[in-house]
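Visitor: Could you take me through one part of this model up close? I'd like a strand and its partners, and then a look at how the rest compares.

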Amino acid sequence: MDPKVIPNTPKHASSSQIPPPPFSLFIPTNNLIAMAMAIKLPLILLFFSSSLIPTFSLFEDQVGLMDWHQRYIGKVKHAVFHTQKAGRKRVVVSTEENVIASLDLRRGEIFWRHVLGANDVVDKIDIALGKYVITLSSEGSILRAWNLPDGQMVWESFLSGSKSSKALLTVPANLKVDLDSPIIVYSGACIHAISSIDGEYLWKKDFASEGSVDVHQLILPGGSDVVHAVGVTDSSQFDTYEIHIKNGGLLKHTSASFPGGIYGEILPISGDRFVVLDASRSVLVLITIENGQIHLEQTHISDLIHGSSGNTVILPSKLSGIFSLRTDNGIVFIKVTDEGKLNVMEKVDKTVVISDALPLSEGEQAFALVQHGDGKIELSVRLVHDMSSNHLKETVKMDHERGFVHKIFINNYVRTDRSHGFRALIVMEDHSLLLLQQGEIVWTRDDGLASVIDVATSELPVEKIGVSVAKVEHSLFEWLKGHMLKLKGTLMLATPDEVAAIQKIRLQSSEKSRMTRDHNGFRRLLILLTRAGKLYALHTGDGRVVWSTLLQSLRTTSQQCAGIKLHQWQVPHHHALDNNPSVLVVGRCGLSLTSPSALSIVDAYTGKELQNMGPVQHSTVQVISLPFRDSSEQQLHLLIDADKRAHLYPTTPEAAHIFQRESENVYWYSVESEAGILRGYGVKKSHSSDTPSEYCFETRNLWSVVFPSESEKIIGTVTRKPNEVVHTQAKVIADEDVMYKYISKNMLFVATVSPKASGPIGSATPDESVLVVYLVDTVTGRILHRMTHLGSQGPVHAVLSENWVVYHYFNLRAHRYGMSIIEIYDQSRAENKDILKLIVGKHNLTTPVSSYSRPEVTTKSQSYFFTHSVKAISVTSTAKGITSKHLLIGTIGDQVLALDKRFVDPRRSLNPTQADKEEGLLPLTDALPIIPQSYVTHSFKVEGLRGIETVPAKLESTSLVFAYGVDLFHTRIAPSRTYDSLTEDFNYALLLLTILALVVAIFVTWVLSERKDLQDKWSWPQTQLWLQSSSEQRLLNICSTPVNMFVNQNR
């Protein structure tokens, strides 16, 4: 509002122009000025203090105060060292998370990194010309060159083939900058030659005309112009091809039949010798190419290794003249003599991991063996021509929580005494990465955190009462010192060193990283389950690893076990804080759904495995957390096996009694996506004779919904969070009417598409694509609502909260992504709007809601266009459900966008009324806005984003957000601003200074007021005397007036 301008009165106005008022009060000029200053000073200070209210924006120096971001790469599967004298020493790796990264060999930091798509799996990597990183991915269909120093892509080539096959990459070892030797690639049953300079296609050799040839090895001898391709035809014929490297011409083809068939890969022993197992895995076949002919020699493994079984495997370690076999009893090294004989050289334990050969000098190679012992690993380096002695042997202490060694890559360097030193890059069972050098661990990386599959949270311990006086004095001194520095920074009086100290105080705040819970609920533990079967506990304050444990329940069998789900097991209340909270980890030992399960209970504070149930007799296809607890605060869980039996945990008589008492109210559902069927189940109260134990219950099929396979296919389902809090069921709209939300924890959102549209975007025409969404009650199977989107298809990402669902899809007709919302309301409570019925008690607010009663519901829906593709979608959650909701959308750019739920309100209209505006409804637009300031990840990217978890804080305004993928990101978000708290960087010193200034102003005003009153009292007798004399004079004049009139009349 513009200030009003009041004209001043002219200084020299005459008495005739402005008549004096009948009663006036005279105040001296100096008192007026003093009173004006006394009034203005508090107003100025009040305005200055009001400017300290925190805003929702984020400054550059505030990054890292409420959030943290961690970068990872995943489990390494390929590694190439680059340790030339010029430039930084680095190692280039590719991982199972489809990441290509360059790591610093000194500290393990990431120089650069590229995360490829989920379907762009890295097959091979190498270094060409000493400056390019060559990667082959997507089953050999994409070849790329990256600049080694900075990771910029130099060129990219797409390789086409006649059929799918394995991918092989060969980079000439003698490649120089001025020599354009081609890169040889085998993929798609073709051999391709690509220029290493610019990625130009040189030539292509298609093996489709040669029959069903499967090439196993590409060999390019140094300095030769001929590339040798070794393969198998129909698993019964060996083939070798000699192809000219310049033009792709076929020089020679040789073949030899082997009726027994082969198992696995052909392993090269030398330039003209190869070894492979037969189909029975009991015979070794030595392949020798001599004078253009193929000679096959068979040797029974039992003749070499006594007591061996049929589980023999040739290890892929490429050693000159030597190969290794893994048997049930261990690993055996076998040497191939010049005469073609096989001699056993050494037997080692089967846990030993062997590296590839490392060329040291002309004709000399070395390789490494790593064996894991009791809390240590033994690294030994041997020369290929002299395996009887260790060239290097080191023992390094190792944390047993890292598990066994999975892979090892070695590199050599020249010491000051001109001898060879070795460094080893080791990949552990928990997917962590270590560098060993000179008997010590140089650095480690916890890259298992790049494969998080489930998340849970836990409260921190309560702070113990009792603090020493010295600690209090020190804390008070640090507090005052910090706020004085902040005050100097606010007033722009701080020196550069003091500015750095302020930033250090902010980033190293002792409050946010303490291991005790706070009254706002910001400090928590994030319990993360990784694909390696390891649990991590991360502090939400700074993201550090508090503890980590490799679950023994997933390592007790020879089968491949992996964790699949994480659930809260025990959450003690305040009256029972003697027990620590714990989590339940459910795993599966095998790849099939019918494989046995592995269960483990872990202490959330210490990471100790409290109970290891190991492999149990039943499988697990679904885990249901029941809303019941026993006397020890353990939550009851149902594990549903493949035979639809329900197994109760914990297996105690008390838990069984509680479950049998409440079993009539226990329902669940299953989704059979391939068959297109939804099924609902209940529990039979009585035990059957077929059940293996008293904690196993038979189930009964209550209902089923079958979608016709010729027209619909299930592509997505979502339900509400079980712990979501809804503040109120009533919603007051603009015309002071009331709508009641249909609140049900049993509501399920189902999305189906036509079968032709179940593929990627564009796989079907708009006329063939139909997206249908359903809201289904999972207790009765009743369909509450159905909506059809013509010309649309998936993928569908959805979130269900309170009484609404928001889902994202692709609109083929508009060639744009769309986002729709459905809100569902309960019409059975519509009559509660009558105030008279509420007064006399004739309302149904207390009537229990049952899923078996047919609900009277109504829906409101709306659709919008959305700019981005979506990877994940979630919604904020708060402690009481009062704060407004924000949608958290994981975009294709691996960032998290916060979108106010008001933007997708279905009641938006083109011309909102004044009442709609007062309610907060926005004008209707066809597209949802993308506000750059709404990205909660700021400038960071959560590469490979897979999920977004939200946790309510104790402070109602705030929600904790955790996004995970290859990277991890955590922050706090306040959808309605922090209306119930002050920010952490609030300047209390400046607030105290403002209060002190207000007190001084009040005191000065009081003194001036007292002085004025005193002056007024001293001037009051003189005024009375003046008034008294004036009254007497007026009275004398009045009395004399009649006398004068009488005298004049007599005259």
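Guide: Here is a walk along strand β61, followed by some other spots in the chain.

First, the ground rules. This is a predicted model, so local features need pLDDT of at least 70 and side-chain atom pairs count only at pLDDT 80 or more, while totals for chains, interfaces and linings use all residues. Residues are numbered from 1 along each chain as its sequence is written, and side-chain values use heavy atoms, with hydrogens and water left out.

Now the strand. β61 covers residues 886-891, with strands (E, at least two residues) and helices (H or I, at least four) taken as DSSP runs numbered from the N terminus. It is mostly covered: 6 of its 6 residues are buried, where buried means under 20% relative accessible area, exposed over 50% and partly exposed in between (1.4 Å probe, protein chains only). In a regular strand, side chains alternate between the two faces of the sheet. Here His886, Leu888 and Gly890 point one way, Leu887, Ile889 and Thr891 the other, and all are buried.

β61 has a partner in β60 (residues 870-875), antiparallel over 5 bridges; strands pair if DSSP finds at least two bridges between them. In that pairing, Val870 stands opposite Thr891. β61 also pairs with β62 (residues 896-900), again in the antiparallel sense and over 5 bridges, and there Gly890 sits opposite Val896. The hairpin of β61 and β62 has 4 residues between the strands, and Asp894 takes a positive phi near 60° in it.

Stepping back, the protein chain comes to 8 helices and 65 strands. Of its 1051 residues, 48% count as buried. Among contacts (heavy atoms within 4.5 Å) with a separation of 6 or more, 51% are between residues 24 or more positions apart.

Elsewhere, the largest nonpolar core has 31 residues, and Ile73, Val93, Leu103, Leu425, Leu528 and Leu968 touch the most other members. A core here is a set of buried Ala, Val, Leu, Ile, Met, Phe, Trp, Tyr and Cys residues joined through side-chain atoms within 4.5 Å. Leaving aside neighbours within four places in sequence, Leu103 is in contact with residues including Ile73, Val93, Phe111, Leu433 and Trp443. A second, separate core of 22 residues includes Ile408, Ile410, Phe422 and Leu434.

Two loops are worth a look as well. Ser619 lies between β42 (609-615) and β43 (622-629), and counts as buried because its relative accessibility is 8%. Its C-alpha is separated by 5.5 Å from that of Ser595, 24 residues apart along the chain. Beyond neighbours within four places in sequence, Ser619 has contacts that include Leu593, Pro596, Ile640 and Asp641.

Lys318 is in the loop between β22 (313-314) and β23 (322-326). At 45% relative accessibility, Lys318 counts as partly exposed. The C-alpha atoms of Lys318 and Asp356 are separated by 5.4 Å, with their positions 38 residues apart along the chain counted as the distance apart. Not counting residues up to four places away in sequence, Lys318 touches Gln217, Leu267, Asp356 and Ala357.

Finally, Val1004 belongs to helix α8 (residues 988-1050) and is partly exposed, with a relative accessible area of 40%.
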